[in-house]
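Let's walk through this model together, asking at each step what stands behind a label. Have the structure open beside you.

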Amino acid sequence: MQLKPFLLDMWLDNYEHDIEFNLAASTGPTWTVNALLNLAGEEERQRFLNHELVYGRVAGADGLREAIAEMHGVSAECVQIVTGASEALVVLMWLAAEPGANVILPRPGFATFSALPESLGIETRFYGIRKENNFSIDVEEIKKLADARTKLVLLNSPHHPTGATVSDAEMESLHEFTSGRGIQLVNDEVYHPIYHGRETKSASRLPHATVIHDFSKAFSLPGVRTGWMIEHDRKRRERYWNARAYFSVSNNTAGEMLAEIAMRKRDIVLQRTQEVASRNLERLDGFMAEHREIVNWIRPRGGMTAFPWLVHSENARPFCQAAAERGILLAPGDCFEVPSHFRLGFAASGEEFPRALDRLGEFVKSWPAKMVNGVTV
Ligand SMILES: Cc1ncc(COP(=O)(O)O)c(C=O)c1O
């Protein structure tokens with residue numbers, strides 16, 4: 001079994017720990033354990049400090065499942081807790097791995113989407129999130145990719161890295177199509193409910209859809225390493241429970257407790273992310289208008305990442321490398337198999353964002369306007 005190199009994490013790991021301005025991160029404003037416990041009050045703080053470090057339940061802590069169920073308007077039994085959305089993807093792809101099976105995925109997309117099925121010998125079929133189509137999906141393209149061997153269609157809305165969203169009508173059309181054919185429809189909605197304009201609903205309202213979500217992105221608590229799945233189908237849930245019992249047994253109990261606090265105080269936690277993301281996106285509007293001769297973009301409709309492209313070059317890696325030398329970290333588009341683009345995270349650097357954009361602006365102005373294969377012409 002071969003897992004392809006995780007180019008994005010290799011890039012981030014190389015630079016992230018020693019960079020002045022991190023515009024590559026895909027999360028939002030950070031939290032300390034202390035700040036989160038302050039949201040909860042003294043009794044909860046004491047409960048947290050004195051809880052025993054034992055195994056948790058395979059399906060997840062009851063209180064956490066109830067709080068998540070309340071957010072989605074489903075019953076708590078529909079909630080399976082996992083170690084981040086990453087584990088949800090492992091569970092889903094593992095269970096889809098039957099001889100001759102195929103899965104339908106977005107391109108560009110989070111690298112794990114394709115790396116897992118490829119390594120498991122599942123055929124991967126890709127639908128485009130193309131700038132020529134304003135980063136919108138083409139529902140008919142997805143339907144045409146499906147056949148009797150299709151196990152799963154994966155949507156990712158709001159989409160990482162473009163920030164595009166799938167409309168409620170598109171999601172419903174795909175739900176009808178897939179459920180009629182016994183294909184599992186999954187929405188990775190780790191950026192829900194962070195929107196910039198039209199808001200879309202969680203796929204948890206759809207009876208045959210599977211949702212994967214986490215505390216890493218919209219909640220901006222990646223350190224709790226906690227995610228969840230919403231599944232209405234009891235048989236599928238039993239399979240997830242079983243897989244999870246093998247893969248990781250349960251979450252770490254401290255992470256689950258902090259996650260439960262964040263979920264119960266989600267008005268505050270999500271509002272903080274939304275405010276920072278909205279404010280910084282407005283600043284990014286001005287930046288993009290000013291530098292449109294060199295970089296262009298489609299404004300994200302959700303989430304905390306944008307996926308601009310270089311107007312005069314097919315390869316943004318030299319641009320990202322030179323930016324990193326000036327203290328600004330971006331992520332090259334080749335990590336998402338679209339080399340002319342780069343990913344820019346606009347919510348993680350918080351109040352530092354204006355200074356980061358100033359520095360990036362100086363760099364962009366100094367960048368040769370036209371490069372061919374890394375050579376100025
Ligand atoms: C779209 C998407 N799904 C899932 C994940 C996995 O996140 P985690 O394991 O932190 O929940 C990520 C992380 O970058 C992501 O971008």
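**Reasons behind the labels**

Q: Which residues come nearest to the ligand in this predicted model?
A: Gly 84, Ala 85, Ser 86, Asp 214 and Ser 216 come nearest, out of 13 residues around the ligand. Helix 5 (residues 84-96) gives the most to this shell, with 3 residues.

Q: What makes residues of the ligand shell count as nonpolar, polar or charged?
A: The residue type decides: Ala counts as nonpolar, Asp as charged, and Gly as polar. On that basis the shell divides into 4 nonpolar, 7 polar and 2 charged residues.

Q: Why is strand 5 called mostly covered?
A: A residue is buried if 20 or more other C-beta atoms lie within 10 Å of its own. In strand 5 (residues 150-156), 7 of 7 residues are buried, so the strand is called mostly covered.

Q: How do you know that strand 5 pairs with strand 3?
A: Pairing takes at least two bridges. Strand 3 (residues 102-107) and strand 5 have 3 bridges, so they pair, and they do so in the parallel sense. Asn 102 stands opposite Thr 150 in strand 5.

Q: What joins strand 5 to strand 6?
A: There are 5 bridges between strand 5 and strand 6 (residues 184-188), and the two run parallel. Here Leu 155 stands opposite Asn 187 in strand 6.

Q: What makes the β-α-β unit of strand 5, helix 8 and strand 6 right-handed?
A: With the strands pointing away from the viewer, a right-handed path over the helix runs clockwise. Strand 5, helix 8 (residues 168-181) and strand 6 make a right-handed unit.

Technical notes:
Residues are numbered from 1 along each chain as its sequence is written. This is a predicted model: local features need pLDDT of at least 70, side-chain atom pairs count only at pLDDT 80 or more; totals for chains, interfaces and linings use all residues. A residue is near a molecule or strand if its C-beta atom, placed from the backbone, lies within 6 Å of it. Helices (H or I, at least four residues) and strands (E, at least two) are DSSP runs, numbered from the N terminus. A residue is buried if 20 or more other C-beta atoms lie within 10 Å of its own, exposed if 12 or fewer, and partly exposed in between; C-beta atoms are placed from the backbone.
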